[in-house]
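Hi,

Here is the structure I promised to pass on. Have a look at it first, and my notes follow underneath.

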Amino acid sequence: MKLRKRVFKITLKDKDTIEEFVNRLLQELKIDQSKIDVKEDTVTITLYGTKDVIAYNWQLVRNL
């Protein structure tokens, strides 16, 4: 089982939207290892896991 790392960046314009997005993201993610950074209007999501686990969680992010 090979672990992978994927980094996704999402740009949101409204500060309230960023806060709401990150809160929902923390509730929805089904992954053991992740890192979320917020700088200005960009949310950087780093996912660690197998290819399938990362793909599943990326779909969760896209649906938010």
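T46 sits in strand β3; strands here are DSSP runs of E with at least two residues, helices are runs of H or I with at least four residues, and both are numbered from the N terminus. Before you dig in: this is a predicted model, where local features need pLDDT of at least 70 and side-chain atom pairs count only at pLDDT 80 or more, while totals for chains, interfaces and linings use all residues. Residues are numbered from 1 along each chain as its sequence is written, and side-chain values use heavy atoms, with hydrogens and water left out.

Back to T46: its relative accessibility is 7%, so it counts as buried (under 20% relative accessible area; exposed is over 50%, partly exposed in between, with a 1.4 Å probe and protein chains only). Skipping neighbours within four places in sequence, T46 is in contact (heavy atoms within 4.5 Å) with K5, R6, V7, Q33, S34 and K35.

Next, the core. The largest nonpolar core (buried Ala, Val, Leu, Ile, Met, Phe, Trp, Tyr and Cys joined through side-chain atoms within 4.5 Å) has 14 residues, and F21, V43, I45, L47 and V61 touch the most other members. At least two residues each come from β1 (4-11), α1 (15-28), β3 (42-49) and α2 (51-63), with α1 giving the largest share, 4 residues. Outside its neighbours within four places in sequence, F21 contacts I10, L12, V43, I45, V61 and L64.

One oddity to check: E40 has a positive phi of about 55° although it is not a glycine. E40 lies in the loop between β2 (33-39) and β3, and is exposed at 78% relative accessible area.

Cheers
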